[in-house]
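Here is a short note for a colleague who is opening this entry for the first time. Please read the points with the structure in view.

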Number of protein chains: 2
Amino acid sequence: MNAPPRLRESPSLVSGTQPLVDFRTEPSRYRHWRLSFDGAQALLLMDVAEDGGLRPGYKLKLNSYDLGVDIELHDAVQRIRFEHPEVRTVVLSSVKERIFCSGANIFMLGLSSHAWKVNFCKFTNETRNGMEDASRYSSPKFIAAVNGACAGGGYELALACDEIVLVDDRSSAVSLPEVPLLGVLPGTGGLTRITDKRKVRHDLADVFCTTTEGVRGQRAKDWRLVDDIAKPAVFQDKIRERAQELAMLSDRPADAAGIALPTIERRLDPDSIQYKHVQVQIDRDRRLLHLTVSAPQEIFDQSLEAILKAGAAWWPLQMARELDDAILHLRTNEPEIGVWLVHTQGDAKAVLAHDALLEKFANNWFVRETIGMIRRTFARLDVTSRTIFALIDASSCFVGTLFEVALAADRTYMLSGSADQSTSPRIELSNPNFGQFPMINGLTRLEQRFYRDEVAIALCRDALGQSLHASVAESLGLITAAPDELDWENEIRLAIEERTSLSPDALTGMEANLRFGVYETMETRVFGRLSAWQNWIFIRPNAVGDRGALKVYGKGDAASFDWQRV
Amino acid sequence: MNAPPRLRESPSLVSGTQPLVDFRTEPSRYRHWRLSFDGAQALLLMDVAEDGGLRPGYKLKLNSYDLGVDIELHDAVQRIRFEHPEVRTVVLSSVKERIFCSGANIFMLGLSSHAWKVNFCKFTNETRNGMEDASRYSSPKFIAAVNGACAGGGYELALACDEIVLVDDRSSAVSLPEVPLLGVLPGTGGLTRITDKRKVRHDLADVFCTTTEGVRGQRAKDWRLVDDIAKPAVFQDKIRERAQELAMLSDRPADAAGIALPTIERRLDPDSIQYKHVQVQIDRDRRLLHLTVSAPQEIFDQSLEAILKAGAAWWPLQMARELDDAILHLRTNEPEIGVWLVHTQGDAKAVLAHDALLEKFANNWFVRETIGMIRRTFARLDVTSRTIFALIDASSCFVGTLFEVALAADRTYMLSGSADQSTSPRIELSNPNFGQFPMINGLTRLEQRFYRDEVAIALCRDALGQSLHASVAESLGLITAAPDELDWENEIRLAIEERTSLSPDALTGMEANLRFGVYETMETRVFGRLSAWQNWIFIRPNAVGDRGALKVYGKGDAASFDWQRV
């Protein structure tokens, strides 16, 4: 079904030609994880294949990971959510002797380009946020059963779980040795979660984060680095006990049938990607692409039974999975395509009918998971380092759930036809815009847009169910500009030409700041604060210069630092 | 009085030998500002001397600024606070024809080292925060009377004011052209203040920040970029009217006599600085320094009259001014000294007596300003990119206000003598620790330390007025470690050796994250999010490479970008 991936230069891990990264996988193809089920408990065991690196040049020793390992972890969490609604606790542990996980593979990091490192960290952060999202919204709880050394990204993985139980065997420790060993930060949420989530006192955290050997046993518990410790003889009992207790916090159904997630089908051509509901057309000369999301082709049968029967083919889910795959693919494999022009097309009524279903059956586990999939997909868009312009013209269908994409855009242009023409573009809000898809700062995109101004939001609520012409949309503040037919083409063209001429780095920094004004949560702090510092460090000679700490690691040479504090 | 500043290589603006930066100035020495007073109104006029750059190699055209211009601005705000208690509004405007301020000098930025740029931005951010701190706590209000073009850092300066009035002359605009012109961010709070303070909608902000020509007239007001506009003929009337109205929000005394701020006296030797209450001893081989703050030498007369008579010589104020100058000097002129070991010495009773005065007379304008000076000095410590360890031994005096320095430290070591020895070190909390010196996130350092845990804070409150031995301090969570006499020397030495061996960049990023867990405000977002992104961009080839936007600006060459989005 898929066109063979082209080989091309960018975005290589090392310089040279590398195959495209494919984010689609399934348990039968896992090389690094073992996923098994026992009633309400899932067991997710890390068993990284040393020779299974996504790129050549490094071995994944000691349960260290690269992007390929994390793609499988992301897939496993998705499958637990959709295919195993009976699962109430996920025990995450390791098959390896005395090693839970030693974190991101350092040799991989040492070989990686700056862009690869940053993109790798973004995806791993999203995956860890995704575990917490699962716990928060759909309630399988996660326990890290730390049965051996747990270092760096390994501990960051444990931090993403609801509870951490550390084996008390006089040797197994949790540690964040990035600063002393590698001259970089524990950047996959580590620094943020030890403060924000675990409330480790900042001075103890300072000691912890500068200690290569980490902290074990009672001290790890006293410092709040783990929730509990257990001697090897009783470790399994303790995990079982905690799993049962956490399961009681979950409201997942015991007897629902899971929904299988088939491999997302797509046709990948050199300059286009075709999914069923999502199309991407790349214009390489102008370094932009058109991404079009289509409405459902018919108004779907309204019964819950029919929805469950449709399963992964249900439009809201299939659309979100396709859009998510497109975002991941483009982010990783098309770094030079800096402007994404987002379009929608199709029957507004069909979208709104599905929005009504999302609302009506929001308490059903599968509908809840589908809402979650859409929420995470839009959240991925929010932290994507590409300019996003939404273009609303006569063929558009920016209503309800699909209008959320326009709200996520940096700008929204809407063609202003005459108000009495039936062909003039319209937009429409639906209830899901007011709560079903919160950003990672916990706000709806309307709340974020209007900085929680209650008057502005109430005016939008009053417009619920109304098909809004550009002039009304503009006066409500829902769009950026409303050129008329005479100006439309020229104005869009100029805006795009201007945008694609600007420094990609400055745009990345600007968009990351403007999209997340005022309101912070642990998740926004991971992307906006921790990642920004890490990205800075990732390009400093002290880390990546010829004698930088990341480069010389494992080669027997000592790093050489410029001692200036900046 | 001062030893002649040594000439040495670092921290040069350009490579080569440069004199030290001196942050001490006074109005008679201003080259770039005119400060005048008319009753309750101060007029602060920008009139930058083209040839008055702090470093050679660039001209300060069009009211552009460098660090030297900002040092004067910082001084002016201090003098308004202390020397002119009658001032209720500060009108900030320009003497230049048709130019309010064109922002940070681009040629200066193009010539600067990475460290210089970062340090320059930190100080300018602190100065703008200081204007808002003045407005919030001691209530002179600021009006930006924007009487001409207001670009980049010029608009960021206006954003730090309480109100912005823009002349509506069909040409004067406000703009943030950093992204399109220079490939960097509006990093002196610009991106943060347009969202957090002014609540400019993110998509309009996106348009605004990518437009070199900016926005003027009614649109500037509609987009919330300015508070009001006024035609040239009525501009002065409008400013007068707004100044009078804002003055009514201020509670500053009409008839109090100001307190003169004499030049801070210090003796600067190659490896030491001596102030009256602050001493610095630099150990260059070990890249560390000892900073010692001394308690007052006697318990001060308790009357308000005596305090006002002492004025700038009053211990709390003089100590804070000296400490502030030391921080600024060391940050800018000693970038390789990465570890600051903080000591205190003297009579605990004298410090506590002053703390009681700070509390008793907190409503007096001068005491309020003194508290503010201490608050800002400690806040400067919080964002200083140096490791800070507080060392509490037998000669220490870490009580009350001085214990706040230990709370600001990354770690605190306290010698654990036997509890019954009168020479064992003690610490003591006083009321000011519970509210007088909030961090820039609005929390006390105790609230931050315990993540607002009410039980932990209540236990500290119960210990008010008690002289605490190390074991008690440790059990309350007030110190990091309490080695006994046998271990003390060795443990401190190892901690320091370990620290000075680590990557300076990784430490900067780690400390910036751990010191500011969980709680964010506009100010923390400026330092933690915006500055981190800016620092990343400041070192990217797209900005500072041979053909980077910052390097080629004004040379007629187009910038050349790597188009990869990261």
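**Notes on the chain A and chain B contact**

1. Start with one pair. A salt bridge joins the side chains of A:Arg411 and B:Asp206, at 2.6 Å from N to O. Keep in mind that this is a predicted model. The pair belongs to the interface of chain A and chain B, where 14 salt bridges are found in total.

2. Next, the polar contacts. Between chain A and chain B, 48 residue pairs are in polar contact, counting pairs with both residues at pLDDT 80 or more. The side of chain A that touches chain B is mixed in class: 40 nonpolar, 23 polar and 21 charged residues.

3. How many residues does each chain bring to the contact? Chain A gives 84 residues, and chain B gives 84 residues.

4. Now the area. The size of an interface is often given as the accessible area lost when the parts come together. Here, about 8100 Å² is buried between chain A and chain B. Carbon and sulfur atoms give 58% of that area. Three residues deserve a look: A:Arg529, A:Trp563 and A:Arg565. Together they supply 12% of what chain A buries against chain B, more than any other three residues.

5. How are the copies related? A turn of 180° and a shift of 0.0 Å along the axis lay chain A on chain B, with an RMSD of 0.0 Å. This is the relation of a two-fold axis. Of the interface residues of chain A, 100% are also interface residues in chain B, so the copies meet through the same surface.

6. Last, the cysteines. How many disulfides does a search of the whole structure find? The search finds 0 over all chains. Take A:Cys121 as a case. Its closest cysteine sulfur is in A:Cys101, 14 Å away, and that is too far for a bond. A disulfide would need the two sulfur atoms within 2.5 Å. In chain B, B:Cys121 is likewise in no disulfide, and the nearest cysteine sulfur, that of B:Cys101, lies 14 Å away.

7. Is A:Cys121 buried or exposed? A:Cys121 has a relative accessible area of 9%, so it is buried. B:Cys121 is buried too, with a relative accessible area of 9%.

Methods: Residues are numbered from 1 along each chain as its sequence is written. Chains are lettered from A and ligands numbered from 1 in the order in which they are written. This is a predicted model: local features need pLDDT of at least 70, side-chain atom pairs count only at pLDDT 80 or more; totals for chains, interfaces and linings use all residues. Side-chain values use heavy atoms; hydrogens and water are left out. Buried means under 20% relative accessible area, exposed over 50%, partly exposed in between (1.4 Å probe, protein chains only). Contact means heavy atoms within 4.5 Å. Buried area is the accessible area (1.4 Å probe) that two parts lose on being put together, summed over both. A salt bridge is a side-chain nitrogen of Lys or Arg within 4 Å of a carboxyl oxygen of Asp or Glu. A polar contact is a pair of N or O atoms within 3.5 Å; within protein, one must be able to donate a hydrogen and the other to accept it, and residues adjacent in sequence count only if both atoms are side-chain atoms. Ala, Val, Leu, Ile, Met, Phe, Trp, Tyr, Cys and Pro count as nonpolar, Asp, Glu, Lys and Arg as charged, and the others, Gly among them, as polar. Copies are superposed by least squares on the C-alpha atoms of residues with pLDDT of at least 70 in both.
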